Amino acid sequence: MVTLAEVAQHAGVSASTVSYVLSGKRSISSTTRQRVEESIRELGYHPNAGARALASSRSHIIALMIPLRTDMYVPVMMEIAIAVATAARAHGYDVLLLTGEEGPDAVRRVTGSGLAEAMIVMDVELDDERLPLLRATHQPSVLIGLPADTSGLTCVDLDFRATGALCAEHLASLGHRDVAVIGEAPGVYERHTGFAERTLEGLRARARELGLRLLHRPFEGGYDAMALTLSRIFDERPGTTGFVVQNEAAVEPLLALLRQQGRAVPEDVSVVAVCPEQVAAQASVRLTSVAVPAQEMGRHAVEQLVAKLGGRGSDEVVLLPPELTVRASSGPAPGWTGP
């Protein structure tokens, strides 16, 4: 392993000069800086992370809290995590991934150990138990998600309330009046997870304004569960012609069972999904959808956090506007002739 002293000898400067170039604590002439940087690249020198952290009181590590629960769609969570790691690395930070369901204990562990100098928190609940600790700590943090009370917090999220409203508007514009919402697993709503609750709020509010009759059913997963869910929906609302799906695991069971029942999509029934683009585009019927902008959410969160670490950021809420892409799964309600 190349040492700092070897870099200094190669560049023809003192070890302290190399240290100042690395830390930026003192002004070094551009010529000397360039010479030192060329030696670092040529020799392949990497500063010892532990020593650097002790010397600067900075670890250059961001903790990403991403509880991996069985009732959540892990691929989209990991897509956000990859976006966070890529953006963080571009700013000179590494990412410490915390995947356990530890709640406040995870926050205490990060703040108490000093291993990470900032936090990004995912899977945010409306009344999240981690929030009082995040507000109280001196360490900067950003939430990917929106709690009920955002005071003293920096949050980045898709505007899920507007997303729900957009889905209702699209189906209403095609003449659908009875709409069923197939949502996340029951546990997601029991925890009052922000994205699921806010989507439902947006759907219900806009449905009332547009005169839609809305029925919401959580979905645990599997074809048998979907068959039971679908049977109950049509028993309660036989005139249902529109579906909004916010559960990636529900997409293919729903489409397959509709086919088995002789209900053509979109001639008899329209389906709109809130899901990643890949899920919508690769479904057996290409889905009209509002995409979950995972990469954009991760990148925005890192940019907000880096600004706070640099003393430039302030507490704010960044809501990304939803965009609905019309594909093959939505069309006019049966018998509808237009406005």
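An axis here is a line fitted to C-alpha atoms, for helices over the stretch in contact, and angles run from 0 to 180 degrees between N-to-C directions. Helices (H or I, at least four residues) and strands (E, at least two) are DSSP runs, numbered from the N terminus.

The model is predicted: local features need pLDDT of at least 70, side-chain atom pairs count only at pLDDT 80 or more, and totals for chains, interfaces and linings use all residues. Residues are numbered from 1 along each chain as its sequence is written, and side-chain values use heavy atoms, with hydrogens and water left out.

**Exercise 1. Describe how helices α5 and α14 meet.**

Step 1. The axes of α5 and α14 come within 8 Å and cross at roughly 40°.

Step 2. Angles under 35 degrees count as roughly parallel, over 145 as roughly antiparallel, 65 to 115 as roughly perpendicular and the rest as oblique. The two helices α5 and α14 are therefore oblique to each other.

Step 3. A crossing is left-handed if the near helix is turned anticlockwise from the far one by less than a right angle, and right-handed if clockwise. For α5 and α14 the crossing is right-handed.

Step 4. Contact means heavy atoms within 4.5 Å. On the α5 side the residues are V76, E79, I80, A83, V84, A87 and A88, and they meet A294, Q295, M297, G298, R299 and V302 of α14.

Step 5. Sort these residues: Ala, Val, Leu, Ile, Met, Phe, Trp, Tyr, Cys and Pro count as nonpolar, Asp, Glu, Lys and Arg as charged, and the others, Gly among them, as polar. The contact of α5 with α14 divides into nine nonpolar, two polar and two charged residues.

**Exercise 2. Give the strand order of the sheet that holds β1 and β2, and place α5 and α14 on its strands.**

Step 1. Two strands pair if DSSP finds at least two bridges between them. Six strands form an open sheet with parallel pairing, in the order β2-β1-β3-β4-β5-β11.

Step 2. At the edges stand β2 and β11 (317-320), each with a single partner strand, so one side of each has no neighbour in the sheet. Direction ignored, neighbouring strands of this sheet are turned by 20° against each other on average.

Step 3. Five bridges pair β1 (residues 61-65) with β2 (residues 94-98) in the parallel sense. Across this pair, I62 has V95 as its bridge partner, and L64 stands opposite L97.

Step 4. Buried means under 20% relative accessible area, exposed over 50%, and partly exposed in between (1.4 Å probe, protein chains only). Four of the five residues of β1 are buried.

Step 5. Helix α5 (residues 74-90) lies across β1, β2, β3 (118-121) and β4 (141-144), and runs at about 155° to β2. Helix α14 (residues 294-309) lies across β1, β3, β4, β5 (155-158) and β11, at about 165° to β4.

**Exercise 3. Work through the sheet with mixed pairing, and the helices on it.**

Step 1. This open sheet of six strands has the order β7-β6-β8-β9-β10-β12. Its edges are β7 (213-218) and β12 (324-325), each with a single partner strand, so one side of each is left without a neighbour in the sheet.

Step 2. Strand β6 (residues 178-183) runs parallel to β7, joined by six bridges, and V179 stands opposite L214 in β7.

Step 3. Helix α11 packs on the sheet, touching β6, β7 and β8 (242-245), and its direction makes about 160° with that of β7. Helix α12 touches β6, β8 and β9 (270-275), and its direction makes about 160° with that of β8.

Step 4. In a regular strand the side chains alternate between the two faces of the sheet. From β8, G242 and V244 point one way and F243 and V245 the other, and all are buried.

Step 5. Four bridges join β8 to β6 in parallel, with I182 and V245 as bridge partners. Four bridges also join β8 to β9, again parallel, and F243 stands opposite V271.

**Exercise 4. Examine the backbone at D123, H192 and P266.**

Step 1. Most residues other than glycine have a negative phi, and most peptide bonds are trans.

Step 2. D123 has a positive phi of about 55°. It lies in the loop between β3 and α7 (131-136) and is buried, with a relative accessible area of 5%.

Step 3. H192 has a positive phi near 55°. Its loop runs between α9 (186-190) and α10 (194-210), and at 41% relative accessibility H192 counts as partly exposed.

Step 4. The peptide bond from V265 to P266 is cis, with omega near 10°. P266 is in the loop between α12 and β9.
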